[in-house]
Structure formats: structure tokens, C-alpha cells
Amino acid sequence: MRSQQLMDNSSIPVSERYWTLVDKADKKFSKIRDLPYYERNRYDTYFYKVFKVYTQLWKFQQENRQKLVESGLKRWEIGEIASRIAQLYYGQYMRTSEASYLSEAYIFYEAILTREYFKDGIYQDLNLANKQLRFLARFLMVCLVLNRREMLHQLVNQLNMLVDECKRTFQDADFKEWKLVVQEIGRFLKADTTLMNTRPLRYSLVLDPHPDAIPNVAAPVARRNLRLQDAILSSYHHNEVKFSELTLDTFRMLQCLEWEPSGSFYQSGVTKMGQNGASGSNRVNFPQDIVDPTLPPNPRKTVLYRPSVTHFMAVLATICEELSPDGVLLIYLSASGRTGHTTLSPSSSSTCINIVENIVNFQSHTINSGGTSNPSFSSPSDSLKPTISQNKGDCIDPHTGCLQFGNHGNGGFNCIYPSDLIPFTRRPLFIIIDSDISEAFKAIHGAEKGERAALLLSPSCSIPTAAGISSRHSIGSLFTIFLTAPLHAFLFLLGISGSDIEMETYNQAESLLSSSLNDWGLTLATSETLDPVWAQILRDPFLRRLLLRFIFCRVALTLFAKTFDKKEFHPQCLPSLPESVSPMTNVSQTVVMHLASIFGASNSFLFSEGIALTETRETDMEFISSS
């Protein structure tokens, strides 16, 4: 039977067999491309079926390249197959958070770039020019998530030059959409530059405690150990920094909830650039850099941009259904608040579409291929205008409120209320609310349906920094930065630019902060008054790190002179933490005092009488500095 099939295939021309495979692959790809990133277990089998077809197609064109070229196969058609394979890998990374898939996507995209599959005839064919533009935009997203900054900047320059050249060459076509893509990624990189080249946002075994070294929790409160299994990340604010559907805040949280491959961050930071923009020593061995077999799997993450409440709850319900008995679901929601006492006026273009989202869609990876359309260029991020009171940083009524994830004109369809989350407290939830209405979510505490939720709540008023920075529009949320890059947040609070700090000084402060966070962690682990809600997550490295950074954030903002004794500027958590880690303890105040003294900013904080730089601590700082 098999031999007969081989004889039949051999009688079919190579080109016909190739295009049959292409048609089969295209049909399967179109079905999987728009599948949601949640319900992972349901779609894993289908992914492998689609990937199998593309593997056959790729191998077939390699083995029969000469015959196919003679029959009319173009280089860009080979590039199209490679691009589809890269999209499959990236989509599977978004579903599973497995770093190996992200690595493979990078490898295929880099091959397309270096072999210039789309270059021939690019300025004679508008369709081919759009293919190259779409390829660059997709590769940009992969490099951004992978933190390959050298390649990222090279791609931005290429994209900018290509858009300018296409505007001159194809004068009848409209490239305003692509100019918006260039502007958006430029703004994103400018806002995130201050956090680059210091330490990774990911969990690093070089800098963070090894999971095996995390202290056990005291027996009276340690009923069970849970692990972070899934996370839902969603952020939406007026005029916030974003690229496609990945906002700056969700990007930082996404990075914060992944393992850093041992040494890769430092290798990529010190190697020199090759001619094609990839690091010379890293390019060949890149999979070994990013895929570390000694690391546990990353928690799975779902990124939602401007979700309707029905979509959000569908995702939430599905993930809760898939949660294992020892799993925790982290929910990170960052959005402006809305109450019955607050008027948020939409702009005149409330029904417009976001052009950049259409070009690089983070959910489906689809690209607007028209290239000649001329829609309205108002963004939905502009449709939610803050009121005068919000512009002044005033607080809004916390007693009744919700998070606004879209147009005010849509009523409650884009609003998430605390009561929306309560039905899902039958499973362990770790909830982070970054909003001016965060206090409204205290209503969850005590109303749970089975499992008590852990809540970290941001200040309800914008934090005034020493330099008067409008943090949300220029650097993202300061509360989120405290959770993802705490030392940078401390510097922002003081109005100090990271670029103005000597690396030796920065490393001294980083060492001191890391040591202090570990001390707080040990204090919690040995406390007999630690609430079981916190005790059960304290062995998970990601959740533990978030909690310890929250403690530091709370101490810093409580003692900061501009927010001292002003509760609306202080973050809160529920259930309460032990008094031994409260902001006003001598230990907590001493940590901030020593850290501030490194930057000559002790006068920016108010300390209790008797708190001083102790001789012992000064000796520790000298040791840290010399190590």
C-alpha cells in the first residue's frame, strides 16, 4: 500500500506536490492563527498537527529547491513559509510561556532577516514591501519579549528607513499606519530605556535566591505550599505607553514572571555587535543561551488588552478550571477607576480603531495587509479622557467603583467590578490591583467563596516623585515598577535618573536591597503570626519576590516626606502582614535610611527619633561595596 502511494506521488510533478502541501498548510494555519491563548490543553494537539504539516513543507522545499525554483518558486515564497513557522512558535509561546518556543521563533525570524528573503523587488512590488514591513513588525515583538535589545534597535532602524523609502516609492499608497508603528515602538523603547542593562526583570538564579534556598515557613502557619501556575495580565490607561497590545506595565509583569536563563542577560550585554546586528558570539549558540534545562517551567501567562467583561470572565473561568490542586492564579489588573461620582468623557472619535493594533495584533498575530486604507487615526487609548480632577491627581470615591478597560460610552461592558472576581475565589487567587480605585477591591476580602484571596493594592492617588514626573505617561506605573524593578522605582521616587548613577553605586544599593528583602523574607517565614494566605505562597519564588518588593514599596512610600502620614499614597495588602515587617519598625526604617544615604537623599524621608546609620550597618555597606 505504501509502495503504491510512493509510486503515485513520484508520478506527480514536484511543483504540484509542493503547492498541494502549501494549500494544506495554509488552511490549517488559518484555523489555528486566531485561536485564543487560553484553553491551552484543548489546542496543543492541533498545534502539533499544524506544525507537522509545516515541517513537511519546509523539508520538501529544501530537498527540491532547485526544481521548484526552475518551476517558478520565488525567494519571498520561501520566506513566507519561514515566517509562518516563526508565527506558530511565537503563538505557542504565548499559550504555554515555554522559552524554547520563543527561542525558535527568534531563530526563524533571524534567518529571514540574514537571508533577505523579501528583499528582491521590494521597491517594485507594494505587496512585497508590505510583507517585509509585517515581518519586521513581528520580529520586533519577539525581540522585545525576548529582551534582545541590540537586534531590536537594528530592526527599528530598518523599519523606519523602509517606511520612509516606501512612502517615496509608492506615492499612491498610504503608510501612515506604519509610521504609527515606528512611533509606538520608539516611545516604548524610550520609556523602558532606564530599566535596561542593569539587571534582568526575569527571576535570575545569579541575583535572586535559588528556590532550594528559600527558607521553610514556620510549622504553625504552613498548612500547604502552593505554586504560581497561571497569570492573567491586563492594563489599560489613557495614552499609556504600549506596542501593539503589549503595554509597558504588562510587559514588565510578563518579564517578572519568567525565569532568566542563567548568564544569558550578561552575555548579551557585553558582546559586540556583528554585521547583521546579532551578537557575534551569541548568534550561533542562541538556543543554549535562552533554553536552560535546569530551570523549572515558566508560569503560563495570558495578556489581555482592553478586554470586555465577558471575555475577561471567560478567560478567568477557563484558567480556573485548568488550575491544578496546588496551583495559584495571579491576576494583575491595571486601569483607571470609575465611580458613580466621576465623569469620564469620551472623545469625539469613540468608535475609531487602533491602527497599530491592527498592524501587529498581539492576540492573533494578523497584519492589516491592505496598505492603502485611510481610516480614522484616533486611538481608543485617546477615547478615555481623564477629568480635570483626575489630571490634578485627586482621588476618587473608593467605596463604589470598578476598573475601566475601555470606552465610557459602553456603559459597564468594559468595567470590571470587585464582585466580578468573587465567584472565582473558589480557587487560590493572588490579586494585584494597580488603580486609583484599588481600595474598592477590599470588598473581596471576607467575601470569598472557598479560598481566601491574597490582595496587593496600589495607592489610590498618583505618587508625587521628587522630580514631579508624571509616571503613568512617561515611565509607566510606579507601583508596578516597585514590584518588577524596585531599585529603579526608588530612584524614580527620588527624581534620580538611573543613567546618572555610577555602576559601583548602583551595585552597592542593589546588594543592600537584595539583602534586606531576604531578611524580610526570613522574618515572614519565622513569624508565628503570618496569615496562612501568605504562608502558603511564600515558598513560590515569583510570589515571594512580589510580596517582599511590596513590603519595600510600602515602607518607602510611608517614610517618603511627600507622602508621609498620607494613607491615600500608601499601598495596602489583605490579609494584613505581621507587625514585624511594618513600615515603622526600626528595621524597616533603617533599610530605607541606608539605601537613601547611598544616593545622598536621606533628607527625602522622615524617620522616627533615634533611627540612625549604625556602625554595624556601615561596616556591612563597606563589605558590600568591596565585594
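Strand β7 (residues 327–338) and strand β10 run parallel and pair over 6 bridges. Two strands count as paired if DSSP finds at least two bridges between them. Helices (H or I, at least four residues) and strands (E, at least two) are DSSP runs, numbered from the N terminus.

This is a predicted model, in which local features need pLDDT of at least 70 and side-chain atom pairs count only at pLDDT 80 or more, while totals for chains, interfaces and linings use all residues. Residues are numbered from 1 along each chain as its sequence is written, and side-chain values use heavy atoms, without hydrogens and water.

**Strand β10 and its partners**

In the pairing with β7, L329 stands opposite L429 of β10. Strand β11 (residues 454–457) is also parallel to β10, joined to it by 4 bridges. There, I432 of β10 faces L456 of β11.

Strand β10 covers residues 429–434, and 6 of its 6 residues are buried, so it is largely enclosed by the rest of the structure. Buried means under 20% relative accessible area, exposed over 50%, and partly exposed in between (1.4 Å probe, protein chains only). In a regular strand the side chains alternate between the two faces of the sheet. In β10, L429, I431 and I433 are buried on one side, and F430, I432 and D434 on the other.

**Nonpolar cores**

In soluble globular proteins, nonpolar side chains tend to be buried together. A nonpolar core here is a set of buried Ala, Val, Leu, Ile, Met, Phe, Trp, Tyr and Cys residues joined through side-chain atoms within 4.5 Å. The largest has 155 residues, and L330, F430, I432, F490, W534 and L546 have the most contacts inside it. Helix α7 (residues 126–146) gives the most to this core, with 14 residues.

L330 touches F430 and I432, and its other contacts include L228, L257, L543 and L546, leaving out residues up to four places away in sequence. A contact means heavy atoms within 4.5 Å. A second, separate core has 31 residues, among them Y236, L316, F424 and I444.

**Two helices**

The expected span of a helix is 1.5 Å times one less than its number of residues. Both helices below agree with that rule.

| Helix | Residues | Expected span | End C-alpha distance |
|---|---|---|---|
| α20 | 503–526 (24 residues) | 34 Å | 34 Å |
| α23 | 586–598 (13 residues) | 18 Å | 18 Å |

Helix α23 is largely enclosed by the rest of the structure, because 10 of its 13 residues are buried. Among them are S588, Q589, H594 and I598. Just after α23, G600 takes a positive phi of about 65°. In α20, the buried residues include Y506, E510, W520 and L524.

**Cysteines**

A search of the whole structure finds 0 disulfides. A disulfide would be a pair of cysteine sulfur atoms within 2.5 Å. C143 is buried, at a relative accessible area of 0%. C573 also counts as buried, at 7%.

**Whole chain and confidence**

The protein chain has 24 helices and 12 strands. Of its 627 residues, 57% are buried. Among contacts between residues at least 6 apart in sequence, 78% join residues at least 24 apart.

The chain averages a pLDDT of 81, and 77% of the residues score at least 70. pLDDT is the predictor's confidence in each residue, from 0 to 100. Over residues 362–398 the pLDDT stays under 50, and the model has 125 contacts for them beyond four places in sequence. Residues 615–627 also have pLDDT below 50, with 14 contacts beyond near neighbours in sequence.
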